[in-house]
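Student: Could you take me slowly through one part of this protein? I'd like to see how a single helix sits among its neighbours, and then how the rings pair up.

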Amino acid sequence: MKKQTRIILIVISLMLIGAYFFPIWKIDLKAPQYPEGLGMKIWVSKISGDLNTINGLNHYIGMKTIQPDSISELKVMPFVVGGLIVIGVVAGVSGKKWILFSWIVLFVIAGAVGLYDFYTWEYDYGHDLNPSAAIKVPGMSYQPPLIGSKKLLNFYASSLPDIGAYIFFGVALIAIILLILEVRKPKKLLNAET
C-alpha cells in the first residue's frame with residue numbers, strides 16, 4: 001500500500017476509539033404526558049438515559065425490565081471494537097492489502113451482526129410481554145423501529161444512530177475507498193498495457 005494510504009488507515013482505525021466515548025444508538029419517546037420526552041442511549045458497554053422511568057412505564061404493558069448488567073452484548077462490544085482498532089492499525093503498519101480487505105470484511109460482518117442482534121433484542125422486548133400486565137391491548141406489540149419512528153399507543157418512538165455509529169459508518173466508508181484506490185491500476189499503467 002502507498003504510504004499515504006497506510007497513514008490514513010492508522011488514523012481512521014484510531015478514530016474508532018471515539019466509539020468508547022460517544023453513544024452508538026438512541027431511542028427517544030415522546031408523549032403528551034412527557035412533553036420533554038424520554039430517551040435512552042446505547043453505548044458500547046452501557047445504557048444511559050431515562051432507563052428507570054422507561055422501565056417503570058414498560059412494566060404496565062408487560063415488557064421485561066431493561067437491565068444493562070444482564071445484556072451480554074454490552075460486555076462483548078468493547079472487545080469487538082478493540083479488535084477492529086488493532087487489526088486496522090496492523091493493516092496500516094504492515095501495508096498488506098489482504099489485511100485491509102480482511103479488516104473491511106470483518107467490519108461489515110460485525111456491523112451486520114450488530115444490527116441484526118439489536119433488531120432481535122428490540123423484537124424480544126417488544127413482543128415477549130407478561131400476560132398478567134396491567135395494560136393489555138390485543139394484538140399490540142411494542143417493538144420500536146430499528147431505524148426511524150413509530151407510534152406505540154400514545155408514545156411516538158424514534159430509534160436512530162448516534163455519534164458512535166456515525167464514526168463506524170465513516171471509518172468503514174473511508175476504508176472501502178482506500179481499498180478501491182489501492183487495487184485500481186493507475187491510468188498510465190493501463191495505457192501502457194493496451
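Tutor: Here is a walk along one helix, then on to the aromatic rings. Keep in mind that this is a predicted model.

Let's start with helix 1, which covers residues 3-15. Its 13 residues, at 1.5 Å a residue, should span 18 Å, and the C-alpha atoms at its ends are 19 Å apart, which agrees.

Now, which residues of helix 1 are buried? They are Thr5, Leu9, Ile12 and Ser13. Look down the axis of helix 1 and you'll find these buried residues within an arc of 105°, so they line one face of the helix. There's a handy bit of background here: an α-helix has 3.6 residues a turn, so residues three or four places apart point the same way. On the other side of helix 1, you can pick out Lys3 and Gln4, which are exposed. And what covers the buried residues of helix 1? The cover includes helix 3 (73-94), helix 4 and helix 5.

Zoom in on Ser13, which belongs to helix 1. Its relative accessibility is 0%, and buried means under 20%, so Ser13 counts as buried. The side chain of Ser13 reaches the backbone oxygen of Leu9 at 2.7 Å. A polar atom of that same Ser13 side chain also lies 3.5 Å from the backbone oxygen of Gly88. If you set aside neighbours within four places in sequence, Ser13 is in contact with Ile85, Gly88, Val89 and Trp103.

Pick Val89 from that list, and you land in helix 3. Val89 has 21% relative accessibility, so Val89 counts as partly exposed. Leaving out residues up to four places away in sequence, Val89 touches Ile10, Ser13 and Leu14. Val89 and Trp103 are 14 residues apart in sequence, and their C-alpha atoms are 10.0 Å apart in space.

Next come the rings. Two rings pair if their centres lie within 6.5 Å, and by this rule the count comes to eight aromatic pairs. One of them is Phe107 with Phe168: the ring centres are 6.2 Å apart and the planes are at 70°, so the pair is edge-to-face. Phe107 lies in helix 4 (residues 97-127) and Phe168 in helix 5 (residues 163-183), so this pair ties together parts that are 61 residues apart in sequence. Are these two buried or exposed? Both Phe107 and Phe168 are buried.

Tyr166 and Phe169 make another edge-to-face pair, at 6.2 Å centre to centre with 75° between the planes. Tyr166 and Phe169 both sit in helix 5, three residues apart, which is about one turn of the helix. Phe169 has 44% relative accessibility, so Phe169 counts as partly exposed.

There's a cluster to look for as well: ring pairs link Trp25, Phe118, Trp121 and Tyr125. Tyr125 has a charge for company too, as the charged end of Lys64 sits over its ring, 5.5 Å from the centre. You can find a similar arrangement at Trp43, where Lys46 lies over the face of the ring, 4.5 Å from the ring centre.

Technical notes:
Residues numbered from 1 in each chain as written. Predicted model: local features only at pLDDT ≥ 70, side-chain atom pairs only at ≥ 80, totals over all residues. Heavy atoms only, no water. Phe/Tyr/Trp six-rings, centres within 6.5 Å; stacked < 30°, edge-to-face > 60°. Helix = DSSP H or I, 4+ residues; strand = E, 2+ residues; numbered from the N terminus. Buried < 20%, exposed > 50% of the residue type's maximum accessible area, 1.4 Å probe, protein only. Lys NZ or Arg CZ within 6 Å of the ring centre and 35° of its normal. Expected span 1.5 Å × (residues − 1). Arc of directions from axis to C-beta. Contact = heavy atoms within 4.5 Å. Polar contact = N/O pair within 3.5 Å; in protein donor to acceptor, adjacent residues only side chain to side chain.
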